[in-house]
Amino acid sequence: MTRRFLFVLGSSRNEGNTELLARKAAEQLPESVEQQWISLAEHPLPDFVDLRRDSDHVRPPTGSTASLLLDATLAATDIVIASPLYWYSVSGLTKRYLDYWSGWLRAPGIDFKATLAGRTLWGITALAHPETEVADPLVGTLNNSAAYMGMRFGGVLSGNGSKRGDVLNDVEALARAKTFFAQEAPLARFPYEAD
(Lines give C-alpha, C1' and ligand atoms only; values in the text may rest on other atoms or scores of the structure.)
Protein backbone atom coordinates (compact mmCIF):
# COMPACT_ATOMS: atom_id res chain seq x y z
CA MET A 1 0.00 0.00 0.00
CA THR A 2 1.34 3.44 -0.93
CA ARG A 3 1.90 5.59 2.14
CA ARG A 4 -0.72 8.24 2.72
CA PHE A 5 -0.35 10.67 5.62
CA LEU A 6 -3.31 12.31 7.33
CA PHE A 7 -2.33 15.34 9.42
CA VAL A 8 -5.04 16.11 11.98
CA LEU A 9 -4.47 19.64 13.26
CA GLY A 10 -5.87 20.03 16.75
CA SER A 11 -5.03 23.65 17.46
CA SER A 12 -7.68 26.33 17.78
CA ARG A 13 -5.52 28.69 15.70
CA ASN A 14 -3.98 28.42 12.25
CA GLU A 15 -0.23 28.33 11.77
CA GLY A 16 0.50 27.87 15.46
CA ASN A 17 3.72 26.32 16.71
CA THR A 18 2.45 22.74 16.50
CA GLU A 19 1.33 23.15 12.90
CA LEU A 20 4.62 24.84 11.96
CA LEU A 21 6.58 21.95 13.45
CA ALA A 22 4.33 19.42 11.68
CA ARG A 23 4.90 21.15 8.35
CA LYS A 24 8.68 21.10 8.90
CA ALA A 25 8.51 17.34 9.50
CA ALA A 26 6.21 16.82 6.50
CA GLU A 27 8.66 18.65 4.22
CA GLN A 28 10.98 15.66 4.64
CA LEU A 29 8.49 13.14 3.23
CA PRO A 30 9.13 11.94 -0.32
CA GLU A 31 7.01 13.62 -3.00
CA SER A 32 5.38 10.25 -3.72
CA VAL A 33 3.77 10.24 -0.27
CA GLU A 34 0.29 11.73 -0.37
CA GLN A 35 -0.55 14.22 2.38
CA GLN A 36 -3.96 15.33 3.57
CA TRP A 37 -4.26 18.12 6.13
CA ILE A 38 -7.46 18.63 8.11
CA SER A 39 -7.86 21.38 10.69
CA LEU A 40 -10.31 20.39 13.40
CA ALA A 41 -10.95 24.10 14.09
CA GLU A 42 -12.08 24.54 10.48
CA HIS A 43 -14.01 21.24 10.51
CA PRO A 44 -15.45 21.09 14.03
CA LEU A 45 -17.12 17.92 15.17
CA PRO A 46 -20.28 18.16 17.25
CA ASP A 47 -20.03 16.93 20.82
CA PHE A 48 -19.59 13.18 20.88
CA VAL A 49 -22.59 11.29 22.23
CA ASP A 50 -21.78 7.80 23.45
CA LEU A 51 -24.56 5.57 22.13
CA ARG A 52 -22.87 2.22 22.76
CA ARG A 53 -25.72 0.80 24.76
CA ASP A 54 -28.59 3.00 23.63
CA SER A 55 -28.91 2.61 19.87
CA ASP A 56 -27.43 1.25 16.69
CA HIS A 57 -24.44 3.04 15.28
CA VAL A 58 -24.58 4.22 11.71
CA ARG A 59 -22.03 5.61 9.31
CA PRO A 60 -21.94 9.42 9.49
CA PRO A 61 -24.00 11.11 6.78
CA THR A 62 -22.10 11.91 3.58
CA GLY A 63 -20.94 15.52 3.49
CA SER A 64 -20.68 15.82 7.25
CA THR A 65 -17.47 16.64 9.08
CA ALA A 66 -17.60 13.24 10.77
CA SER A 67 -17.81 11.53 7.37
CA LEU A 68 -14.89 13.59 6.04
CA LEU A 69 -12.74 12.65 9.04
CA LEU A 70 -13.79 9.00 9.01
CA ASP A 71 -13.01 8.59 5.31
CA ALA A 72 -9.66 10.37 5.69
CA THR A 73 -8.76 8.27 8.72
CA LEU A 74 -9.64 5.00 6.98
CA ALA A 75 -7.66 5.98 3.87
CA ALA A 76 -4.49 6.91 5.77
CA THR A 77 -1.55 4.59 6.32
CA ASP A 78 -0.11 7.13 8.77
CA ILE A 79 -2.18 9.36 11.05
CA VAL A 80 -0.40 12.35 12.56
CA ILE A 81 -2.08 13.96 15.54
CA ALA A 82 -0.70 17.50 15.66
CA SER A 83 -2.03 18.87 18.92
CA PRO A 84 -0.59 21.59 21.10
CA LEU A 85 -0.13 20.65 24.73
CA TYR A 86 -3.23 21.93 26.53
CA TRP A 87 -3.33 21.26 30.25
CA TYR A 88 -0.73 18.52 29.83
CA SER A 89 -2.63 16.51 27.24
CA VAL A 90 -4.21 16.81 23.78
CA SER A 91 -6.45 19.74 22.93
CA GLY A 92 -10.22 19.49 23.30
CA LEU A 93 -10.61 19.42 19.51
CA THR A 94 -8.22 16.47 19.31
CA LYS A 95 -9.86 14.64 22.20
CA ARG A 96 -13.24 14.97 20.48
CA TYR A 97 -11.80 13.45 17.27
CA LEU A 98 -10.43 10.52 19.29
CA ASP A 99 -13.78 10.16 21.05
CA TYR A 100 -15.39 9.68 17.64
CA TRP A 101 -13.16 6.65 17.17
CA SER A 102 -15.36 4.97 19.84
CA GLY A 103 -18.43 5.40 17.67
CA TRP A 104 -16.63 4.35 14.49
CA LEU A 105 -15.55 1.14 16.22
CA ARG A 106 -19.19 0.14 16.41
CA ALA A 107 -20.49 1.38 13.05
CA PRO A 108 -21.50 -1.61 10.92
CA GLY A 109 -19.60 -2.32 7.73
CA ILE A 110 -16.60 -0.15 8.57
CA ASP A 111 -14.29 -2.53 10.46
CA PHE A 112 -12.56 0.52 11.91
CA LYS A 113 -10.25 -1.32 14.31
CA ALA A 114 -9.25 -3.99 11.79
CA THR A 115 -8.60 -1.34 9.14
CA LEU A 116 -6.32 0.73 11.39
CA ALA A 117 -4.46 -2.27 12.83
CA GLY A 118 -0.87 -2.24 11.63
CA ARG A 119 -1.02 1.37 10.46
CA THR A 120 1.00 4.07 12.22
CA LEU A 121 -0.02 6.80 14.65
CA TRP A 122 2.36 9.72 15.17
CA GLY A 123 2.17 12.76 17.44
CA ILE A 124 3.50 16.29 17.13
CA THR A 125 3.16 18.91 19.84
CA ALA A 126 4.46 22.27 20.93
CA LEU A 127 4.68 23.15 24.58
CA ALA A 128 5.62 26.25 26.51
CA HIS A 129 7.70 24.43 29.10
CA PRO A 130 11.40 23.57 29.02
CA GLU A 131 10.89 20.03 30.35
CA THR A 132 9.26 17.71 27.84
CA GLU A 133 8.17 15.29 30.59
CA VAL A 134 5.18 17.54 31.21
CA ALA A 135 3.81 16.17 27.91
CA ASP A 136 3.85 12.56 29.19
CA PRO A 137 0.01 12.47 29.48
CA LEU A 138 -0.28 13.50 25.80
CA VAL A 139 2.24 10.83 24.81
CA GLY A 140 0.36 8.27 26.91
CA THR A 141 -2.97 9.16 25.32
CA LEU A 142 -1.61 8.62 21.82
CA ASN A 143 0.46 5.52 22.65
CA ASN A 144 -2.41 3.82 24.47
CA SER A 145 -4.87 4.69 21.69
CA ALA A 146 -2.49 3.12 19.17
CA ALA A 147 -2.00 0.06 21.40
CA TYR A 148 -5.74 -0.47 21.73
CA MET A 149 -6.18 -0.24 17.97
CA GLY A 150 -3.27 -2.59 17.21
CA MET A 151 -1.39 0.23 15.49
CA ARG A 152 2.25 1.15 15.36
CA PHE A 153 3.32 4.25 17.30
CA GLY A 154 6.04 6.52 15.95
CA GLY A 155 6.28 8.58 19.12
CA VAL A 156 5.83 12.31 19.59
CA LEU A 157 7.91 15.06 18.08
CA SER A 158 7.89 17.97 20.51
CA GLY A 159 9.09 21.53 20.21
CA ASN A 160 9.12 24.50 22.49
CA GLY A 161 7.22 27.70 21.83
CA SER A 162 4.68 30.02 23.34
CA LYS A 163 4.27 32.94 20.95
CA ARG A 164 3.38 32.14 17.35
CA GLY A 165 6.50 31.12 15.45
CA ASP A 166 8.64 30.47 18.55
CA VAL A 167 9.09 26.81 17.60
CA LEU A 168 11.08 27.88 14.55
CA ASN A 169 13.79 28.97 17.00
CA ASP A 170 13.95 25.51 18.61
CA VAL A 171 16.99 24.20 16.78
CA GLU A 172 16.82 20.75 18.39
CA ALA A 173 13.14 20.25 17.45
CA LEU A 174 13.80 21.32 13.87
CA ALA A 175 16.70 18.85 13.67
CA ARG A 176 14.47 16.03 14.99
CA ALA A 177 11.77 17.01 12.47
CA LYS A 178 14.15 16.23 9.60
CA THR A 179 14.21 12.51 10.47
CA PHE A 180 11.03 12.04 12.50
CA PHE A 181 9.03 10.20 9.83
CA ALA A 182 12.07 8.24 8.62
CA GLN A 183 12.18 6.06 11.73
CA GLU A 184 10.63 2.61 11.89
CA ALA A 185 7.61 2.77 14.18
CA PRO A 186 7.22 -0.22 16.52
CA LEU A 187 3.92 -1.86 17.35
CA ALA A 188 2.37 0.16 20.18
CA ARG A 189 2.21 -1.50 23.57
CA PHE A 190 0.46 -0.53 26.76
CA PRO A 191 2.88 0.40 29.57
CA TYR A 192 2.06 -2.79 31.49
CA GLU A 193 3.14 -4.84 28.47
CA ALA A 194 6.65 -3.36 28.40
CA ASP A 195 9.58 -5.68 29.02
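Is Y88 buried, exposed or partly exposed? At 44% relative accessibility, Y88 is partly exposed, because the partly exposed class sits between 20% and 50%. I'll come back to that residue. One caution before we go on: this is a predicted model.

Let's take the overall layout. The chain has 6 helices and 5 strands. Starting at the N terminus, the order is β-α-β-α-β-α-α-β-α-β-α. The radius of gyration is 16 Å, close to the 16 Å from the globule rule for 195 residues, so the chain is as compact as a globular protein of that length. Along the principal axes, the C-alpha trace spans about 50 × 35 × 35 Å.

Now burial and surface. Of the 195 residues, 47% count as buried. The accessible surface comes to about 10100 Å². Carbon and sulfur atoms hold 51% of that surface.

Contacts next. Take pairs at least 6 apart in sequence: 80% of those contacts join residues at least 24 apart.

Charges, quickly. There are 19 positive and 23 negative side chains. The centres of the two sets lie 2 Å apart.

On to strand 3. It covers residues 78–82. How many residues of strand 3 are buried? The count is 5 of the 5, so the strand is largely enclosed by the rest of the structure. Look at the two faces. On one side you have D78, V80 and A82, and on the other I79 and I81. Both faces are covered.

Which strands pair with it? Strand 1, residues 4–9, pairs with strand 3 in the parallel sense, over 5 bridges. In that pairing, L9 has A82 as its bridge partner. Strand 4, residues 120–127, also pairs with strand 3 in the parallel sense, over 5 bridges. There, V80 is matched with W122.

Let's zoom in on D78. This residue lies in strand 3. D78 has a relative accessible area of 3%, so it counts as buried. What does D78 touch, leaving out residues up to four places away in sequence? The list is R3, R4, F5, L6, T120 and W122. One distance to check on screen: D78 and L29 are 49 residues apart in sequence, and their C-alpha atoms are 12 Å apart.

Follow the D78 contact across to T120. T120 lies in strand 4. Its relative accessibility is 8%, so T120 counts as buried. Beyond four places in sequence, T120 touches T77, D78 and I79. T120 also touches M151, R152, G154 and A185.

Now the helices, starting with helix 1, residues 17–26. A22 sits in this helix. How accessible is A22? The relative accessible area is 0%, so A22 is buried. Outside its neighbours within four places in sequence, A22 is in contact with F7, W37, A82 and I124. A82, remember, is one of the buried residues of strand 3. For a longer reach, take A22 and A146. They are 124 residues apart along the chain, with their C-alpha atoms separated by 19 Å.

Helix 2 runs over residues 65–75. Its buried residues are A66, S67, L69, L70, A72, T73 and L74. Which elements cover them? The cover includes strand 1, strand 2 at 34–39, strand 3, helix 3 and helix 4. As for spacing, an α-helix has 3.6 residues a turn, so residues three or four places apart point the same way.

Last topic: backbone angles. Most residues other than glycine have a negative phi. Two residues here are worth a look. Back to Y88, as promised. Y88 has a phi near 75°, a positive value in a residue other than glycine. Y88 is found in the loop between strand 3 and helix 3, which covers 92–106. As I said at the start, Y88 is partly exposed.

The second residue is D111. Phi of D111 is near 50°, again positive in a residue other than glycine. Where is D111? D111 lies in the loop between helix 3 and helix 4, the latter at 112–116. D111 has a relative accessible area of 55%, so it counts as exposed.

To recap: strand 3 is largely enclosed, with strand 1 on parallel bridges and strand 4 likewise. Y88 and D111 carry the positive phi values I showed you. That's it from me.

Technical notes. Residues numbered from 1 in each chain as written. Predicted model: local features only at pLDDT ≥ 70, side-chain atom pairs only at ≥ 80, totals over all residues. Heavy atoms only, no water. Helix = DSSP H or I, 4+ residues; strand = E, 2+ residues; numbered from the N terminus. Rg over C-alpha atoms; globule rule 2.2 N^0.38 Å. Buried < 20%, exposed > 50% of the residue type's maximum accessible area, 1.4 Å probe, protein only. Contact = heavy atoms within 4.5 Å. Areas by Shrake-Rupley, 256 points an atom, 1.4 Å probe, with all protein chains shown as cover. Lys, Arg positive; Asp, Glu negative; His and termini not counted. Charge placed at Lys NZ, Arg CZ, Asp CG, Glu CD. Pairing = 2+ DSSP bridges.
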